[in-house]
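Colleague: I should like to go through this model slowly, and to hear for each label what it rests on. Please set the value beside the definition every time, and then conclude.

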Amino acid sequence: MTETVQVIETERPPAPVQTQSFRLTRPSIVGPDIPSSPYPIHLSGPVQRGFGRGSKDLGCPTANLPDDALPAMSNVVKSGVYYGYAKISPVEGLESMLSDVDTNVLPMVMSLGWNPFYKNERMTAEIHIMHDFKSDFYGHDMKVLVLGYIRPELDYTSREALIDDIETDKRVALQSLNRPGYQKFATDPFFTD
């Protein structure tokens, strides 16, 4: 049974430090066979510039939602790593180098929280869409359908340990989405409205 925790985090809470034993006990699939409350969670907004760490420091480019999109999720779940689907839609009048494949509904993994390794002063929602985009898409619209929870937000003793967990998060997200109860959300009307 999924437990929903209502939190409105206004200050950066302490995060447990990731340990080797945690890494060794991570499941390859998370969540029930079909999303259950509070999922799905619908988020949307123009893609914002973040801290620039995803691509440069971690090898995991992210698309950030604006702060006003966060309460739809942060009011019903705790900080942590989540999975689901995302879609980028070009905005008329903005230059776009997006291909047709770039604008498909694609699997995503998302960090909602304070990024304790980097000591963020505010909560962010950073979405890694699992696709190789050839260009940036700042300012274009992004819709995100969050379908499940992977793990709590953690602090790390090294950048390498953080990168290892991010790679595991990606594999867990893909395997968790590869179930019929989740695959059907790739064609959810939310992405075409």
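Colleague: Which elements of the protein chain have the lowest and the highest mean pLDDT?

Modeller: Helix H2 (residues 53-58) has the lowest mean, 59, and helix H5 (residues 180-183) has the highest, 98, where pLDDT is the predictor's confidence in each residue, from 0 to 100. The model is a predicted one, in which local features need pLDDT of at least 70 and side-chain atom pairs count only at pLDDT 80 or more, while totals for chains, interfaces and linings use all residues. Residues are numbered from 1 along each chain as its sequence is written, and side-chain values use heavy atoms, with hydrogens and water left out.

Colleague: What is the average pLDDT of the protein chain, and where does pLDDT stay under 50?

Modeller: The average is 84, and 81% of the residues score at least 70. Over residues 1-9, however, pLDDT stays under 50, although the model has 20 contacts beyond four places in sequence for them; a contact means heavy atoms within 4.5 Å. Where pLDDT is low, the predicted coordinates should not be read in detail.

Colleague: How many helices and strands does the protein chain have, and what makes a run count as one or the other?

Modeller: Both are DSSP runs numbered from the N terminus, a helix being H or I with at least four residues and a strand being E with at least two. By that rule the protein chain has five helices and six strands, and the elements run α-β-α-β-α-β-β-β-β-α-α from the N terminus on.

Colleague: In what order do the six strands form the open sheet, and why do S1 and S2 stand at the edges?

Modeller: The order is S1-S6-S3-S4-S5-S2, with antiparallel pairing. Strand S1 (41-46) and strand S2 (63-64) each have a single partner strand, so one side of each is left without a neighbour in the sheet. Two strands pair if DSSP finds at least two bridges between them, and S1 is joined to strand S6 (residues 141-152) by six bridges. Within that antiparallel pair, Ile 41 stands opposite Val 146.

Colleague: How do you know whether Met 110 is buried or exposed?

Modeller: Buried means under 20% relative accessible area, exposed over 50%, and partly exposed in between, found with a 1.4 Å probe and protein chains only. Met 110, which lies in strand S4 (residues 106-113), has a relative accessible area of 1% and is therefore buried. Leaving aside neighbours within four places in sequence, Met 110 is in contact with several residues, including Leu 43, Tyr 82, Ala 125 and Val 146. In the protein chain of 193 residues, 47% are buried.

Colleague: Why is Tyr 138 called partly exposed, and which residues is Tyr 138 in contact with beyond four places in sequence?

Modeller: Tyr 138 has 32% relative accessibility and therefore counts as partly exposed. The residue is found in the loop between strand S5 (124-129) and S6, and its contacts beyond four places in sequence are Val 47, Gln 48, Arg 49 and Leu 94. Tyr 138 and Val 47 are 91 residues apart in sequence, yet 5.0 Å apart in space from C-alpha to C-alpha.

Colleague: What makes you say that the charged end of Arg 49 sits over the ring of Tyr 138?

Modeller: A charge sits over a ring if NZ of Lys or CZ of Arg is within 6 Å of the ring centre and within 35 degrees of the ring normal. The charged end of Arg 49 is 3.8 Å from the centre of the Tyr 138 ring and sits over it. Lys 143 likewise sits with its charged end over the ring of Phe 190, 5.1 Å from the centre.

Colleague: Is the ring pair of Phe 133 and Phe 137 stacked, edge-to-face or tilted, and why?

Modeller: Rings of Phe, Tyr and Trp (its six-membered ring) pair if their centres lie within 6.5 Å, and planes under 30 degrees apart count as stacked, over 60 as edge-to-face and the rest as tilted. The structure holds five aromatic pairs. In the pair of Phe 133 and Phe 137, the centres are 4.7 Å apart and the planes stand at 50°, so this pair is tilted. Phe 133 is buried with a relative accessible area of 17%, and Phe 137 counts as buried at 11%. Elsewhere, ring pairs link Tyr 39, Tyr 82 and Tyr 149 into a cluster.
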